[in-house]
Structure formats: C-alpha cells, structure tokens
Amino acid sequence: MTSKSPPARPLGPYAPFTTLLALGFCACGADDARVVTHIEDRAVVMFDRPLCRDDIALIEETIAHVEQSLDVKVEVPIEIAIWNRYANVADHCGEGPSGCYTNGEIHTLWQALEHEIVHAVAAPLGRPEPLWTEGIAEALSNRTRVGHETVDAQLGLEDSRQVNYSTAGHFTRWLLEEYGVDGLRALARERSFEDAYGLNLTDTIADYEARAPWSYPHWNPCRGQALDASPANVWVDDIAVDCAAPWSSTMYNSGPTVVRTLDIEQPGTYRLFITGATMVGALACQIDVLPDRPDDDMAGDIIRESTRDLPTFFVSDELYEIVLKPGRLQFSFTVEDEAATVGFELRRIGS
C-alpha cells in the first residue's frame, strides 16, 4: 500500500456564498442563528458556521457520485441541515438514527451526511424495500464490512430502522462490485431482485456468503493532501489551518480542521511531535479490499479505519513514540482560531 493520495481537487465552477439567518429552512428555534451556504444548484446547507473548502467539495462530489451511479439528476437543490448535537437530529428524525431524509430535507450529524445525501438524490427514483433503500445508501456512501446478521433476516422488512446497515450495505456493495451498476439502478427504481439481475436471490445470497470479502473501502478513500517523506521515513511540515486551505473542514466545534495523509513504508517505532493544534486525530486508512478481517484492530498504535470508527487522538507539545505498520495514515489537525499554523514532525527512530 504505497500508492500516493490523489492531489487536492479543484472545487468546481460553483461560487458558494453564505447568509446568516435567525431561522433556517427547517423551523429551528428563534435563538438558533444558523449560517446557510448555497452551493450553486446542488445544495442549500445549514450549519452553525460557514462551511469550509472541503465540506463544500465533499457535498458536491458525493452528489455527483450518486447521480452517476444511479443515472439520476438532481433537479432542485437538496436542503441539508447539519447538526453537532444528536438531540437536534432526534427532534427531526426521532430517537435512534444519526440522520434522516424526511419531508424533502436532510437532518444529520456529520458522520451520516453522505448516507443521507444518497437517500435525497435517489428519492425521485422510487421507494424500494428497506433492505435495498439502506443497502444502496451504505454501498454508495461508506466503506462496508460483513455484518453480524444474515441477508435472509433483512428480506421483507418494512421499516428501515429494523435493517442491519452493515449487512445491507455490504451485500449491496458486493452486488455492485460483482455485477456492475445496472442492477443497482434497477433496484433503486423498485424493480424486483430477479428482474434487476436475472438471478435467483436465494442462490445469490449463498454465493455472497461463500465468496464475499470481509470489507470494501470507501468509494473515495482517505481524503487529504499527501505529505511526502524527505528524507525517507521523515515527515516535517508547517501546516496552515483555515477554512480556505486545501482539505479543510468545519465539522468540529472548536475551529477549522485540515486533513493530511502520508504513506508508511517501513515498519518500526516512530517519534511524533505536534505544535499549535487544539486536537489531532489519526486513522490508518483502508484503501484496499480486505479479503479477511485483520488480525487486530490496529495498524501499530493507530486505529485502523476498517474496524473502528474513532481515530486515535494526540495533543500538542507532547512527544509520542508510536509503533507503525506499513500503510496509509490520515491525520486531522484542528485549531481554535480562524487561522493558525500547526507544526508536524514524524520520524522513524533509527532512520
């Protein structure tokens, strides 16, 4: 796993702008001043602060990805309310989910944003049974892995809240990888499985259970600007953190965040030292299909993205010694001020 991350992509031809409103499109309380960001003809997004550069890119890229996958076009900008508190999501979605698409609007926490965008883009096509509705949303928005429930147990469910998202998403992603996009498009348009694929569903489930890999990566894995080692096994950089920087986000309350990636080629013990950041998170990215579950949940001392959802956190001005295995790491750097510079140094001991 030594290939480089893709370069930061341009944000496209749109010109986002923001307007501060006391009342958003979703009937918030009068004291909940929110910022509405219009992303050309693609989305109208409400959040506590103006969106950063990569937030806007992520939303537009996700919409375009779903449009292409399902052969559909967004005709009216999608209304999206992103919340930092679960209680706000529950007010609109009920207890349980991290987000929902209801009454023509998305209400969501950051972690469910892409999933709900799939629902919004696919909505005009039809309302297939929950297995396919949630399976398509997961397959087109997330990495997937084998679930703890069987596909048979998901058949015929009438409520999406009863669906095991891991199972539904992984089975649907397997169908996409094995048989291409046409069957997925047919399922989204409420065609039966047999009609969509020309296959017997029982036999297909048995084939899936016998042959499916343990995990598929995200459709756009391990976002972030790549840091190059110079010399080998040494990364030293001063990283500008603000909302206009490449790969910047506003998903954390404390301030803007930027994301960087780097490739570890030599296993061993590394020294890590960071200055100027309020919070630093690190994940070992999944960029390949994993035939089997990894032996442990770690890539050295960094949590592997494929097996856990939470990163390892580090603080500034403290020297760490961490054991790393070969692979790609993704670091997120958050600061309190609107703009700051973070010092980053990672070097292999004995290099």
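In the predicted model, Glu138 touches His115, Thr144, Tyr165 and Gly169 when residues up to four places away in sequence are not counted. Glu138 lies in helix H4 and is buried, with a relative accessible area of 12%, a value under the 20% limit. The C-alpha atom of Glu138 is separated by 17 Å from that of Ile287, a residue 149 places away along the chain. One of the partners of Glu138, Thr144, is placed in strand S7, which comprises residues 144–145. Thr144 is likewise buried, its relative accessible area being 5%. Apart from neighbours within four places in sequence, the contacts of Thr144 are with Glu138, Ala139, Gly169, His170, Arg173, Trp214, Ser215 and Tyr216.

The packing of the helix that holds Glu138 was examined next. Two packed helices are described by the angle between their axes and the distance between the axes. For H4 and H5, the axes come within 7 Å and cross at roughly 70°; because angles of 65 to 115 degrees count as roughly perpendicular, the two helices are assigned to that class. On the side of H4 the contact is made by Leu131, Trp132, Glu134, Gly135, Ile136, Glu138 and Ala139, while H5 contributes Tyr165, Ala168, Gly169, Phe171, Thr172, Arg173 and Leu175. Sorted by class, the residues in this contact of H4 with H5 are eight nonpolar, three polar and three charged.

Helices H4 (130–139) and H5 (165–179) are also among the elements that cover the buried residues of H3, together with helix H1 (53–70), strand S4 (78–82), strand S5 (99–102) and strand S6 (105–108). Helix H3, spanning residues 113–122, is mostly covered, with 10 of its 10 residues buried. These buried residues are Leu113, Glu114, His115, Glu116, Ile117, Val118, His119, Ala120, Val121 and Ala122, and His115 of this set is a contact of Glu138. Strands S5 and S6 serve as packing partners for helix H2 as well, since the buried residues of H2 pack against them. In helix H2 (residues 86–93), the buried residues are Asn88, Val89, Ala90 and Cys93. Just after H2, Gly94 takes a positive phi of about 85°.

In soluble globular proteins, nonpolar side chains tend to be buried together. The largest nonpolar core of the model contains 48 residues, of which Ile59, Leu70, Ile80 and Phe171 touch the most other members. Helix H3 supplies the largest share of this core, six residues. Another core, of 28 residues, lies apart from it and has Leu227, Ile302, Ile322 and Val342 among its members. Phe171 thus appears both among the best-connected members of the largest core and among the H5 residues that make the contact with H4.

Charged pairs were considered separately. Side chains of opposite charge can pair when their charged atoms come close. With a cut-off of 4 Å between side-chain nitrogen and carboxyl oxygen, the count comes to 12 salt bridges. In one of these, the side chains of Arg42 and Glu67 meet at 2.5 Å, N to O. Arg42 lies in the loop between strand S2 (34–39) and strand S3 (43–47), whereas Glu67 lies in helix H1, so the pair ties together parts of the chain that are 25 residues apart in sequence. Both Arg42 and Glu67 are buried.

Helix H1 takes part in further pairing through Asp54, which forms a salt bridge with Arg223, the closest N and O atoms being 2.5 Å apart. Because Asp54 lies in helix H1 and Arg223 in the loop between strand S8 (215–216) and strand S9 (225–226), this pair ties together parts that are 169 residues apart in sequence. Asp54 is buried, as is Arg223. The side chain of Arg223 also meets that of Glu61 in a salt bridge, at 3.0 Å from N to O. Here, too, distant parts of the chain are linked, with Arg223 in the loop between S8 and S9 and Glu61 in helix H1, 162 residues apart. Arg223 has a relative accessibility of 13% and therefore counts as buried; Glu61, at 19%, counts as buried as well, since the limit is 20%. Through salt bridges that share partners, Asp54, Glu61 and Arg223 are joined into one network.

Conventions
Residues are numbered from 1 along each chain as its sequence is written. This is a predicted model: local features need pLDDT of at least 70, side-chain atom pairs count only at pLDDT 80 or more; totals for chains, interfaces and linings use all residues. Side-chain values use heavy atoms; hydrogens and water are left out. Helices (H or I, at least four residues) and strands (E, at least two) are DSSP runs, numbered from the N terminus. Buried means under 20% relative accessible area, exposed over 50%, partly exposed in between (1.4 Å probe, protein chains only). Contact means heavy atoms within 4.5 Å. Axes are lines fitted to C-alpha atoms, for helices over the stretch in contact, and angles run from 0 to 180 degrees between N-to-C directions. Angles under 35 degrees count as roughly parallel, over 145 as roughly antiparallel, 65 to 115 as roughly perpendicular and the rest as oblique. Ala, Val, Leu, Ile, Met, Phe, Trp, Tyr, Cys and Pro count as nonpolar, Asp, Glu, Lys and Arg as charged, and the others, Gly among them, as polar. A nonpolar core is a set of buried Ala, Val, Leu, Ile, Met, Phe, Trp, Tyr and Cys residues joined through side-chain atoms within 4.5 Å.
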